[in-house]
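Colleague: I would like a close look at one part of this model, the surroundings of a single loop residue. Please start with its contacts and work outward from there.

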Amino acid sequence: MRGVVVQANPTVYAALRKRREAGLHSEAIAESQPLAWAAWLVVDEGDVAFNVFVGPADAGDTGIEMARRQCKTGTSEPWRHRRALIEKLRHLARRHGMDRVFADFIELSCCSLSNAVDKSQFAVRESRYHEIRKRYTTEELQHFSEMLALLALVMEEAGFDDVLGGLFMTLDLGSKRSGQVFTPYPVSRMMAMVTMGASPELPPHGFFNAIEPACGAGGIVVAMADTLHQAGMNYQRHLHVTCIDIDLRCVHMTYLQVSLLHIPAIVVHGNALSGEVWDRWYTPAHVLGRWGARLDRH
Ligand SMILES: C[S@@+](CC[C@H](N)C(=O)[O-])C[C@H]1O[C@@H](n2cnc3c(N)ncnc32)[C@H](O)[C@@H]1O
């Protein structure tokens, strides 16, 4: 893998995306404008991927240092596992279509996680799990368990990030009608930091109680946990989030992602505008941390 650090602002970010979509590969983009974003551009076997960093607008070196530091954690491994995950999804998609395979992958994974902890929903999730499994051969089902393992590896190595949201966008699965264009993670991170502050003050009852009414893949929730973690606070004890989305795939993506990060959360399949609720998914951190009682007391 080769890479270069570039200074980039949102215009450059858009240009990078355009080049990528046009199949062009960039090794370096020089930008003389004041630094609003520092980006690490990775050129990896013809596949351009990049992390964009929100850096100080006036301190170029600091921004670039931030990008460099992040890239030390973003070694080639997450990309290798990410690529393996995409290959498996594409392999299964040849017979079933990407929409179906992606939706089934996240739902099967969610059912397994939920059934490990939430006995109240066990029967419903188990019957759904078996209904989905019937669509696939034994060999294909083996790929699903391997994909969950790969996702856990990608997430572990990538650290805090909107891994599933990024994958969803890469595979072009978003519904334009529902405005399913997810916020780039560094922007979510900046928004969380602006909202919560660099040194968040714990409320008297001991936890932040947040609502994400249009959660997408849960990127903003991950960014909240990231912000608390950076401030030296244990988000698994001091953060609870209620996430809502009208789209079932988004509910599953959020549930899977926040569950793997062990964020206490309830992920609601519902309409945040009308208040309708069709289903509730409780993360392992919510169940094991007895957050039901904690929320009732609050
Ligand atoms: C632009 S995306 C933003 C997702 C996420 N907050 C982010 O920043 O990455 C908007 C999300 O809102 C969801 N949505 C649209 N209308 C909704 C509604 N009435 N209730 C709940 N979710 C809704 C869509 O399915 C989509 O996932």
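Modeller: Beyond its neighbours within four places in sequence, Pro-200 is in contact with Thr-227, Leu-228, Ala-231 and Met-233. The model is a predicted one. Pro-200 sits in the loop between helix H8 (185-196) and strand E4 (208-212). Pro-200 has 20 other C-beta atoms within 10 Å, and 20 or more is the condition for a buried residue, so Pro-200 is buried. One of its contacts, Ala-231, is 31 residues away in sequence, while the C-alpha atoms of Pro-200 and Ala-231 are 7.2 Å apart.

Two of these contacts, Thr-227 and Leu-228, fall within helix H9 (219-230), and H9 also packs on H8. Two packed helices are described by the angle between their axes and the distance between the axes. The axes of H8 and H9 come within 8 Å of each other and cross at roughly 55 degrees. This angle makes H8 oblique to H9, and the crossing is right-handed. On the H8 side, the contact is made by Tyr-185, Ser-188, Arg-189, Met-191, Ala-192, Met-193 and Met-196. On the H9 side, the residues are Gly-219, Ile-220, Ala-223, Met-224, Asp-226 and Thr-227. Thr-227 therefore appears both in this helix contact and among the contacts of Pro-200. By class, the contact of H8 with H9 has 8 nonpolar, 3 polar and 2 charged residues.

H9 leads on to the ligand. The ligand is surrounded by 20 residues, of which the closest are Phe-182, Thr-183, Ala-214, Gly-216 and Ala-272. Helix H9 and strand E5 (239-245) are the elements that give two or more residues to this shell. The shell divides into 10 nonpolar, 8 polar and 2 charged residues.

On the other side of H8 in sequence, the loop between H7 and H8 holds Asp-172. Most residues other than glycine have a negative phi. Asp-172, although not a glycine, has a positive phi of about 55 degrees. With 8 C-beta neighbours inside 10 Å, Asp-172 counts as exposed, whereas Pro-200 is buried.

Helix H7 (residues 163-170) packs with H11 at an angle of about 140 degrees, their axes being 9 Å apart. In this pair, Val-163, Leu-164, Gly-165 and Phe-168 of H7 meet Met-253, Leu-256 and Gln-257 of H11. The residues of that contact divide into 5 nonpolar, 2 polar and no charged.

Helix H11 (residues 248-260) also meets helix H4 (residues 98-117), with axes that come within 9 Å and cross at roughly 50 degrees. That makes H4 oblique to H11, and their crossing is left-handed. From H4, the residues in contact are Ala-103, Ile-106, Glu-107, Ser-109, Cys-110 and Leu-113. They meet Arg-249, His-252, Met-253, Tyr-255, Leu-256 and Ser-259 of H11. The contact of H4 with H11 divides into 7 nonpolar, 3 polar and 2 charged residues. Met-253 and Leu-256 of H11 take part in the contacts with both H7 and H4.

As for the whole chain, the protein has 13 helices and 7 strands. Buried residues, Pro-200 being one of them, make up 35% of its 298 residues. Among contacts between residues at least 6 apart in sequence, 66% join residues at least 24 apart.

Terms used. Residues are numbered from 1 along each chain as its sequence is written. This is a predicted model: local features need pLDDT of at least 70, side-chain atom pairs count only at pLDDT 80 or more; totals for chains, interfaces and linings use all residues. A residue is near a molecule or strand if its C-beta atom, placed from the backbone, lies within 6 Å of it. Helices (H or I, at least four residues) and strands (E, at least two) are DSSP runs, numbered from the N terminus. Ala, Val, Leu, Ile, Met, Phe, Trp, Tyr, Cys and Pro count as nonpolar, Asp, Glu, Lys and Arg as charged, and the others, Gly among them, as polar. Axes are lines fitted to C-alpha atoms, for helices over the stretch in contact, and angles run from 0 to 180 degrees between N-to-C directions. Angles under 35 degrees count as roughly parallel, over 145 as roughly antiparallel, 65 to 115 as roughly perpendicular and the rest as oblique. A crossing is left-handed if the near helix is turned anticlockwise from the far one by less than a right angle, and right-handed if clockwise. Two residues are in contact if their C-beta atoms, placed from the backbone, lie within 7 Å. A residue is buried if 20 or more other C-beta atoms lie within 10 Å of its own, exposed if 12 or fewer, and partly exposed in between; C-beta atoms are placed from the backbone.
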